[in-house]
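This report describes selected strand pairings, aromatic pairs and side-chain contacts. The sequence and the structure are shown first.

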Amino acid sequence: MSTALVHSLEAGLLGVALLAVYTALTTPTVVCLLTLTVLYVIYRRERRKAAGTIPLTDKHVLITGCDSGFGLELAQHLYRRGCHVFATVLNPDSPGAKQLRDVSSPKLSVMSLDVSKDDDVRSCLRRVKDVCDNTGLWGLVNNAGINFLGDVELTTMSQYLRVAEREPVRHGPMHQGLPATHQTGQGIERRIVNVTSIKGLLPGPLNAAYNITKYGGETFSDIVRLEMKEFGVKVVLIEPGNFGSATGCINSEGVNFDSMWDAASDDVKQLFKREHLDRVLAETEAAAGTSYPTVEPVLNTIEEALTSGDPEIRYIIDGSNRLMDKYCMLVRAMSNGRLSNGGVGSPPRLEMQGQISWTDDLPVCHLSGVGLSTNQIYREDGNRREEHECEDRNFHFRHAGNCYLYGVFDGHNGSRVADFAAQRMPAELLLGQLQNKTTDAEVLEVLRQAFLAVENVYFESTDALLAEKTTTQDRLPEGIKAYDAYRNFPEVVNKLQQLEKELSGGTTATLVLIYNNKIYVANVGDTRVLLVKTSQESLTMQQLTVDHTLANAQELARLSAVGLDVEKLKTLNKIGNSNCTRCIGDYHVKGGYRDIDYLSCATKEPVIADPYVDGGIPVDENCAFLIIMSDGLYRALADATGTERVNVEIAGMVITEFSQQTTLNGVAQAVVDKVVRIHHDTFMTGTPQQKRLCQKRDDITLMVRQFKYPLSSTHSPTGVLSYHSSGTPFYQPRPPALHIPQNTSSFSSGAGSGGESAGDSPKTPTNYFGAVGNMVANSSGATVSSLFPPSESTVGGRTQTSSSTCTSEDSTQSSGEVGLFQHRSHEPYLDLDEEGRIKPYVDFKEFYFALQNMTEEQQQALMNEMRPRSMYDPIQEEAEPVSMPDH
């Protein structure tokens, strides 16, 4: 492609831009933007083609830091490409310097250079100018630097300075060499390539000295780029990811803790202990095993930066021997593409669900399973459709060591915030924040700060939207009425509505962290976590989270304290676009709450992101499983059945599926499918009031984390299933054995552990499964029947003893105050014998006689036929007959 064509494209791009301004009132803005985008992509691609590639043969390139790592390999790489290489080393006696001198070629010169000493720099530049005076120095690669690890409290000032002296900021005098040796008038832009690190964009613990110098190198390079433009010099940034083991940067200079420990004060030594440094060293060496095995991707990228006629401003280079470099992916997700103009390895930000995310490289926890269902609106003919895109997000990760992280996010008004939180939250917890956190209070504070950090970073990412909204609003005349604005400025109003929609989205968030064999939870919104435990005679259930809704008395008290009319909020049954009083995101009920009439009187933001936190509950032999469920699941079941014990019903379904399914995903999905079926069937066959309640439902997410509760060891056979909202068993299978069990497991709940959050969130009400005979346990472990004396009543001429039961004002959370097998009042009572068994009324003698006369094969066939079965027929693929070859 000719230069003239490039200029024509530039002129065409400018012309289209001017034309877009003129046609904006008559042509849809989206069409104009798409046209501009397509033209720019074509222009950018053709411009790079026109710029071509500059051959390196006989070009002079100066590289600093060639003792080891990138510099050592790059010097040999460019030498093989035909370059005249000036390789500088800090230590002329180092193995790398000796390896380069062994090449014995006039095209590879090895020079001693300490970039922190001005005399060394001037001497080096004089020698370079003498050698390449006729052609000038083509490129300068600032690569010198050292790795360094250490806590801020343990790092001395001399160590800070030693690291800073080897970084690009100290390379300023070296840059003088390019203009000084540059032959003007040649029309070719020379190159400065500064090698920094992905850590110059992403902070992390134990890297203070290293990270701040890399941050400085990023800013320094951007400034030098502007200053060097008049000299015809292009400045390019190289930002490698995880190449630690390939470069050998984990060496004695970077991780020698002896001098650091000797210089520490007694107070610091008392705080950290020497074992801390030994543990850091071991973890660092283990992390080095995940790095990319060679430096070849970095060498190829630096070569492109030196030879491309139109190089990128910066190149992010993925390392790691995994599917992707999680740190590079995190930087791209955080920057939303702002860090690159299309460089190598720099795609635009991709969302979490269904596309690539940096979290895809985190190990999945296989002790958990997930069931999902998208939102639905039902029709009378039985068909259904989605009301909006799926807004639920989740993750379940197993991190290094004894650390597991689970999250469920229920977005509203779009999935933007749920996507953001699901990607950012692991970064706020799994990148070293939990290191050295040994007490429950410390871990809970890390969880709390993670929620606040995600909230703050999200709103920082919306600054551009808020600025655009303000600019767009300024296009409307002041004081214009809404109707007049829409009639006279429809495109402006449509644009404002689009911006409002993007800003209004939010999400609930619930996290479960299992760390050092303890369970910690944190939540905002109404997604729930249930912990089920086993004992010799019962199963107990405890809700670990709090529902931050307008049904929560303490949340209403908080809203009243900030000046809101809570009665009006209860009548509206919403606060903004949701009924949750706490969430992540949703600008309109936070920074923009004064624009909402019934919220404008608040003295501060009414909806907050401060989470309820609780923990740590020991993971012991009694822990059976954990349930994390979005409100779409339990609200669908409550609407369809009218149950006031929805937590109990769902836990019962999970227990039943454990005996039927062979995978945890199967357990979770089977429960979700059953609730979906119940909800839809209620709409199709229920009363008019039930139809109104069940006309639609929200997205559903159910996550089950297994501890000690066993799965079925065989594939689940089919069977008959029925549902009774009164609390009877979810399944009605054929009995596996020919006897009636003497007792049945029961559920109760214990009190929540841990303290209140900073926001004084209420503790969760208890939830109970009752035992046979209406025996239910309270939070102190005593049974309700022991607290309330039994009463006698006469039913059908018979005297029946029953126990009093407790009720709760919160019908959705207190869900076990009646027995699992309790009879309804209209059902007849059965007489029990002294042992509490039903008196026999069917004679099984003939059955047992026939059974004894069966062969073993016939008995086994009968047992298989009567085994409990699932509601779903397994899909059996018929194998096609395989014909054997003739011999």
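Strands S1 (residues 60-63) and S4 run parallel and are joined by three bridges. The model discussed here is a predicted one.

**Strand S4 and its neighbours**

Within the pairing of S1 with S4, Val61 stands opposite Gly139. Strand S4 also pairs with strand S5 (residues 190-195), again in the parallel sense, and four bridges connect S4 and S5. Gly139 takes part here too, with Arg191 as its bridge partner in S5. Gly139 thus has a partner in S4's pairing with S1, namely Val61, and another in S5, namely Arg191.

The residues of S4, which spans residues 139-142, are all buried. Gly139 and Val141 point one way from the strand, whereas Leu140 and Asn142 point the other way. In a regular strand, side chains alternate between the two faces of the sheet.

**Aromatic pairs and charges over rings**

The structure contains ten aromatic pairs. One of them is formed by Tyr378 and Phe683, whose ring centres are 5.5 Å apart; the planes meet at 40 degrees, so the pair is classed as tilted. This pair connects distant parts of the chain, since Tyr378 belongs to strand S9 (residues 376-378) and Phe683 to helix H26 (residues 664-685), with their positions 305 residues apart. Tyr378 has a relative accessibility of 3% and therefore counts as buried. Phe683 is likewise buried, at a relative accessible area of 5%. Elsewhere, Phe70, Phe243 and Tyr292 form one aromatic cluster.

Arginine side chains also lie over tyrosine rings, as listed below.

| Arginine | Ring | Distance from ring centre |
|---|---|---|
| Arg528 | Tyr634 | 3.8 Å |
| Arg705 | Tyr404 | 4.7 Å |

In the case of Arg705, the charged end is the part that sits over the ring of Tyr404.

**The surroundings of Thr508**

Thr508 is located in strand S13, which covers residues 506-515. Is Thr508 buried or exposed? Its relative accessibility is 3%, which lies under the 20% cut-off, so Thr508 counts as buried. The side chain of Thr508 forms a polar contact with the side chain of Thr527, at 3.3 Å. Leaving aside residues up to four places away in sequence, Thr508 touches Val408, Phe409 and Asp410, together with Val524, Gly525, Asp526 and Thr527, and also Cys580. Thr527 therefore appears both among the residues that Thr508 touches and as the partner in its side-chain polar contact.

Conventions
Residues numbered from 1 in each chain as written. Predicted model: local features only at pLDDT ≥ 70, side-chain atom pairs only at ≥ 80, totals over all residues. Heavy atoms only, no water. Buried < 20%, exposed > 50% of the residue type's maximum accessible area, 1.4 Å probe, protein only. Helix = DSSP H or I, 4+ residues; strand = E, 2+ residues; numbered from the N terminus. Pairing = 2+ DSSP bridges. Phe/Tyr/Trp six-rings, centres within 6.5 Å; stacked < 30°, edge-to-face > 60°. Lys NZ or Arg CZ within 6 Å of the ring centre and 35° of its normal. Polar contact = N/O pair within 3.5 Å; in protein donor to acceptor, adjacent residues only side chain to side chain. Contact = heavy atoms within 4.5 Å.
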